[in-house]
Amino acid sequence: MMDERQFLVLINEHQGIIHKICHLYRDVREDREDLFQEITFQLWKSHDSFKNNSKISTWIYRIALNTAIATFRKKKQDIEYRPALPEMAEEQQDEELALRQERLFGALKQLDDGDKAIITLYLEDLSYQQIAEIIGISENYVGVKLNRIKVKIQNLLAC
């Protein structure tokens with residue numbers, strides 16, 4: 001069983017995963033912060049159920065994606081705000097790279113939730129097997145879906 005301190009260390013180490021999901025599934029900063037808190041809450045609620053059958057990052061992705069998709073469909077609930085929220089590390093990026101990343105995020109946001117989840121995991125360099133495990137589809141179907149998603153993204157970026 002994980003205590004609160006261990007859990008906070010885990011969140012700190014893997015906050016990049018959560019931030020990426022939040023950025024991909026929410027457009028407004030406040031909504032991303034809300035989603036970050038909801039994902040963290042869901043991770044806390046379910047941390048006792050983690051059985052080490054997969055990598056911790058796989059488990060975090062599964063909870064984060066399910067939370068991001070599920071909260072889209074739920075009625076908004078009041079959320080208690082904490083004074084501090086981990087911030088993404090500031091990265092030095094040149095303008096061209098930042099512009100290309102923004103265009104890519106814009107294209108990704110136009111995909112449906114399932115496609116967003118698959119391409120996000122792929123961009124994180126997860127294997128087809130890991131993606132299949134998280135999403136709940138076969139490895140072969142991951143490959144088929146990724147090819148279709150890549151074509152969609154190319155078409156969106158060409159516009």
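## Fold at a glance

This one is helices from end to end: the protein has 8 helices and 0 strands, so to speak α-α-α-α-α-α-α-α when read along the sequence. Keep in mind that we're looking at a predicted model.

Of the contacts with a separation of 6 or more, 69% link residues 24 or more positions apart.

## Surface and burial

The chain runs to 159 residues, and 40% of them count as buried. On the outside, the accessible surface comes to about 10400 Å², with 50% of that belonging to carbon and sulfur atoms.

## The main core

The largest nonpolar core takes in 38 residues. Its best-connected members, going by contacts inside the core, are Ile18, Ile21, Tyr25, Ile39 and Leu43. Every helix pitches in: helix 1 (4–13), helix 2 (15–25), helix 3 (29–46), helix 4 (56–73), helix 5 (95–109), helix 6 (113–123), helix 7 (128–135) and helix 8 (139–158) each supply at least two residues. Helix 4 is the top contributor, giving 8 residues.

For a closer look, pick Ile21, one of those well-connected core residues. Leaving aside residues up to four places away in sequence, Ile21 touches Leu35, Ile39, Tyr61, Ala64, Leu65, Ala68 and Thr120. Ile39 turns up here again, being another of the residues with the most contacts inside the core.

## Around helix 7

Helix 7 spans 128–135 and is among the helices feeding the core. Gln130, Ile131, Ala132 and Ile134 are buried in this helix. Just past its end sits Gly136, which takes a positive phi of about 90 degrees.

Conventions: Residues are numbered from 1 along each chain as its sequence is written. This is a predicted model: local features need pLDDT of at least 70, side-chain atom pairs count only at pLDDT 80 or more; totals for chains, interfaces and linings use all residues. Side-chain values use heavy atoms; hydrogens and water are left out. Helices (H or I, at least four residues) and strands (E, at least two) are DSSP runs, numbered from the N terminus. Buried means under 20% relative accessible area, exposed over 50%, partly exposed in between (1.4 Å probe, protein chains only). Contact means heavy atoms within 4.5 Å. Accessible areas come from the Shrake-Rupley method with a 1.4 Å probe; for residues, only the protein chains shown count as cover. A nonpolar core is a set of buried Ala, Val, Leu, Ile, Met, Phe, Trp, Tyr and Cys residues joined through side-chain atoms within 4.5 Å.
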